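Hi everyone, thanks for making the time. I'd like to walk you through one model today, so please pull up the viewer and follow along with me.

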Amino acid sequence: MLVISLYAYAFLSEFVLLYPVYALLFADTGLSVAQTSALFVIWSVTGMVLEIPSGAWADTVSRRLLLCLGPLLIGLGFAMWTLFPSSWVFAAGFVLWGAGEALMSGSYEALAYEELARRGQEGRYAGVMGRATSLGLAGSATAIALASPALTVGGYPLVGAASVLACVLCAATALTLPEHRTRGEAPGYLAVLREGLALARGDRGVLRAVLLVAFVTAVWGALEEYVPYLAVETGVARAAVPLIILLVWAGATAGGLLAGPAERLPARAYGPLLVLAALAMAGGALSGRPAGFVAIALAFGAFQLAQVLADVRLQARISGPARATVTSVAGLGTNVVTVGVFAAYGAASSYVPHGVTFALLTLPYVLVALLTRSADQ
């Protein structure tokens, strides 16, 4: 039941028809690009501010409870957008969305790892999380495929209602997750918060694992947002851009599915995996041809695999009651690095083509690979 519920939760959390069309809703309501960008900032800042406090809350009370509340907050925001579209309502919705994601971040991984460990199955964590990640991507792809016909048939009210329903079903799925922690097992909120921060800062193994998760996850995750621009630059027709995105997602999905078998690879293979992925990404981006996206899809698959394996390293190093708190520290680091990648991409794209920008932003992976190799020796 645990694994099935984790998979269903991962799919439903991403099966939101509003994802691919909410920018159109904003534009049709009269928002400018600058106003929409300001909303994205509100979203990001809310998540970063609440990331660690919500992780400590998950360690103090019930992770299952937070996994239920998170989608409900997000669904409430989507309902507000649909019923009362305006700039202030959109801003409030993004605050709810950021808060909901913060509640879910860290809680999901901590509950999955500890429940598997309780069964003596922590060795399954990589495979389970890899498949869960792939199902999340499948949920996004399915939502994208259904969004256009739903918008045509019922407009934003239908798309919004379907999105709210997905959030409610996701919250209901959270209630089916087993959790064998009781409130009395953990110390108070402030004690858990201090312990989690001390572990992330003071234990070198945990700190390295936190930084690894942040950098490995953030760079390719941010670059994914710019795939359409790169596709158009290489001569892909605008109508075919969704097919390129689908190819890239297929690569990432395959990477997630390989996480279980890949966990058996020796630790020294992790650095070469990052280097090979960086070379494939840079080569495909610099090729200037649509065929280069095959290499980019393979690179995204390798990065997705590396992301899951980095999370496995982190969970294996955490001890004590502050697992969700430490995982949330990694989530905060991911958000910070992601913002840095967005800023670097925006600055570089004014001077060099998208292909060159992609190639330049794969260089951090080479540095991470070298540092990882030296740490493993």
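Let me start with a definition, since we'll lean on it straight away: a salt bridge here is a side-chain nitrogen of Lys or Arg within 4 Å of a carboxyl oxygen of Asp or Glu. One thing to keep in mind throughout is that this is a predicted model.

With that in hand, go to Arg119. Its salt-bridge partner is Glu115, and the closest N and O atoms of the two are 3.3 Å apart. That sits inside the 4 Å limit, so the pair qualifies. Now, how accessible is each partner? Arg119 has a relative accessible area of 33%, so we call Arg119 partly exposed. Glu115 has 3% relative accessibility, and is therefore buried.

How many salt bridges does the structure hold in total? The count is five. I'll show you two others. One of them joins the side chains of Asp59 and Arg63, at 2.5 Å from N to O. Asp59 and Arg63 are both buried. Another joins the side chains of Glu114 and Arg323, at 3.2 Å from N to O. Here the partners come from distant parts of the chain: Glu114 belongs to helix α6, Arg323 belongs to helix α15, which covers residues 323-348, and the two positions lie 209 residues apart in numbering. Arg323 is buried, because its relative accessibility is 6%.

Do these pairs stand alone? Please colour Asp59, Arg63, Glu114 and Arg323 together: salt bridges with shared partners join these four into one network.

Since we've just met α6, let's look at how it packs. Helix α6 runs over residues 107-118 and helix α7 over residues 125-174; their axes come within 10 Å and cross at roughly 145 degrees. Which hand does the crossing of α6 and α7 have? It is right-handed. On the α6 side, the contact is made by Tyr108, Glu109, Ala112, Tyr113 and Leu116. On the α7 side, the residues are Tyr125, Val128, Met129 and Ala132.

Back to α15 for a moment, and to Leu332, which is found in that helix. With 23% relative accessibility, Leu332 counts as partly exposed. Setting aside neighbours within four places in sequence, Leu332 is in contact with Met48, Glu51 and Ile52. Leu332 and Val210 are 122 residues apart in sequence, and their C-alpha atoms are 9.8 Å apart in space.

Let's follow the contact to Ile52, which lies in helix α3, residues 33-60. Ile52 is buried, because its relative accessibility is 14%, and buried means under 20%. Not counting residues up to four places away in sequence, Ile52 touches Leu193, Leu197, Thr325, Ser328, Val329 and Leu332. For contrast in your viewer, try Leu137: the C-alpha atoms of Ile52 and Leu137 are separated by 25 Å, with the two residues 85 apart along the chain.

Next, please scroll along to helix α14, residues 292-317, and pick out Phe300. Is Phe300 buried or exposed? Phe300 is buried, as its relative accessible area is 0%. Beyond its neighbours within four places in sequence, Phe300 is in contact with Trp220, Leu223, Glu224, Val227, Val248, Ala252 and Met281.

Compare Leu247, in helix α11, residues 241-257. Leu247 is partly exposed, with a relative accessible area of 33%. Its contacts, again leaving out neighbours within four places, are Phe293, Val294 and Ala297. Leu247 and Phe293 are 46 residues apart in sequence and 7.7 Å apart from C-alpha to C-alpha.

Last stop: the surface. Trp57, Leu65, Leu69, Leu72, Val168, Tyr189 and Leu190 form a nonpolar patch, and their accessible area together is about 570 Å². Two helices, α4 at 63-83 and α8 at 189-202, each supply at least two residues of the patch. Which helix gives the most? That is α4, with three residues. Leu72 is found in α4, and its relative accessibility of 37% makes Leu72 partly exposed. Why can a partly exposed residue still join a patch? Patch members need over 30% relative accessible area, so Leu72 passes at 37%.

That's the tour, and I'm happy to go back to any of these views.

Key. Residues numbered from 1 in each chain as written. Predicted model: local features only at pLDDT ≥ 70, side-chain atom pairs only at ≥ 80, totals over all residues. Heavy atoms only, no water. Patch = residues over 30% accessible without salt bridge, like charges linked within 9 Å, V, L, I, M, F, W, Y side chains within 5 Å. Areas by Shrake-Rupley, 256 points an atom, 1.4 Å probe, with all protein chains shown as cover. Helix = DSSP H or I, 4+ residues; strand = E, 2+ residues; numbered from the N terminus. Buried < 20%, exposed > 50% of the residue type's maximum accessible area, 1.4 Å probe, protein only. Axes fitted to C-alpha atoms, helices over the stretch in contact; angles between N-to-C directions. Left-handed = near helix turned anticlockwise from the far one by under 90°. Contact = heavy atoms within 4.5 Å.
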